Amino acid sequence: MEALKEFAAFLQKDSRLDLKAVALAHILSLSGNVDGRTLLANSTDVLNLILNLTTDSTAAICKDAVLTLVNISSEKSGAKALLKSCPGLFKILFDSILNENDKLADPWCMILCNISRQEELVEEVLEEFDRDPQKLNKLVTCFTRIGFNKAGCNLHYIGPTFSNFSQSAKGRSMICDREKLYFQRILPFVEFKDSIIRRGGAVGLLKNVCFDSTQHHWLLSDEVNVLPFILLPLAGPEEFDEEDNEKFPIELQYLSPDKEREDDPDIRKMLLECLLQLCATRSGREYLRLRGTYEILREYHKWEVKQGDECKTTLLACENVVDVLIRTEDEIGQDNLKHMQIPEEVNKQLEKLDLLNDENVPQ
């Protein structure tokens, strides 16, 4: 801590450039390991000095300062410290992300993603949108307008940021605003081929919204029509007969022979979890059956079997959905599966299966 205080003298904007650059380079290096990030998170003065240097007149200084904050915010303690101890954080962060000519918008997107990742901190981040309701609209515009940033930044990390927001009921409510259509604007990015980060963020948002059963009627309505967005990444080039094709949403009818499935198993698993959540109610299950969900998953399951042992959890997720869809409503005997009382012994068996699944997830 004493060494940090010595560096602080050179982290002023009006410090000599060469000394400032050397001091900041040491701080950036320190932020590259867990102990260093913890040390920096506990030094409020240094955090604010680093934040101040993100608007320095020298581009190299700005870049090193922002990258240091990316590292610090990657730890829970660092994210918490930035939110609690740096009152100027949001202004600088949003000024950068929303500026189409800012060359450091990408690392600032990473910082926003990092500080909103912890469930206990996301509410505090969302308060910023209460203070300025237009900010969410601007953030959605940045994300959905490809090429928004003219300085070479891609803004992909706004995707997982939206997923982080949707951990919270408040965040889901904001993004699923019926009038502002934020959710519908983000939804097409579940198939964004150019970035797994952007695509995974959109699917993560979709999954969190599907876990909220109060949103199911809206999701399956013509207003959102969510099912094609879930099924299309899981569908392949298989041909179906006329009867099956007529069941499918129009987007899934007569797919081209070169149609490829989502290649990331984690994203496939999230999409299957979306389907399982939509099976919670009888109306949801009947909706999925009538639109050929089982037929799509039947072919998908055959393909998934061929992917090998590394995709066991994804295969299990598919089987869970199919198991619900092939049963009659009399067999299920419950309108809303989330209201079912699960016996304690079954619960223990499910916990063991969850542990087994966790052990099989590729690292």
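Which side chain does D56 meet in a salt bridge? The partner is K20, with 2.8 Å from N to O. Keep in mind that this is a predicted model.

## D56 and K20

Let's place the two residues first. D56 sits in the loop between α4 (44-53) and α5 (59-73), while K20 belongs to helix α2 (residues 17-30), so the salt bridge ties together parts that are 36 residues apart in sequence. Buried or exposed, then, for D56 and K20? Both residues are buried.

This pair is part of a bigger tally: the structure holds 27 salt bridges. As general background, side chains of opposite charge can pair when their charged atoms come close.

## E75 and R37

Next up is E75, which forms a salt bridge with R37; the closest N and O atoms are 3.0 Å apart. E75 lies in the loop between α5 and α6 (76-85) and R37 lies in helix α3 (residues 34-41), so here the pair ties together parts that are 38 residues apart in sequence.

What about accessibility? E75 has a relative accessible area of 22%, so it counts as partly exposed, given that buried means under 20%. R37 comes in at 12% relative accessibility, so R37 counts as buried.

## The helix between the two loops

The D56 loop lies between α4 and α5, and the E75 loop lies between α5 and α6, which makes α5 worth a look. This helix has 15 residues and reaches 21 Å from its first C-alpha to its last, close to the 21 Å expected at 1.5 Å a residue.

Which residues of α5 are buried? They are I61, C62, A65, V66, T68, L69, V70, I72 and S73. These buried residues pack against α2, α3, α4, α6 and α8 (105-117). Two of those packing partners, α2 and α3, have already come up: K20 is in α2 and R37 is in α3.

## R199 and E262

Further along the chain, the side chains of R199 and E262 meet in a salt bridge with 2.7 Å from N to O. It links distant parts of the chain: R199 is in helix α14 (residues 196-210), and E262 is in the loop between α17 (242-247) and α18 (265-278), 63 residues apart.

How accessible are the two ends? R199 has 6% relative accessibility, so R199 counts as buried. E262 counts as buried too, at 2% relative accessibility.

## A salt-bridge network

Finally, there is a group to pick out in your viewer. D244, R298, E299 and K302 are linked in a network of salt bridges.

Terms used. Residues numbered from 1 in each chain as written. Predicted model: local features only at pLDDT ≥ 70, side-chain atom pairs only at ≥ 80, totals over all residues. Heavy atoms only, no water. Salt bridge = Lys/Arg side-chain N within 4 Å of Asp/Glu carboxyl O. Helix = DSSP H or I, 4+ residues; strand = E, 2+ residues; numbered from the N terminus. Buried < 20%, exposed > 50% of the residue type's maximum accessible area, 1.4 Å probe, protein only. Expected span 1.5 Å × (residues − 1). Contact = heavy atoms within 4.5 Å.
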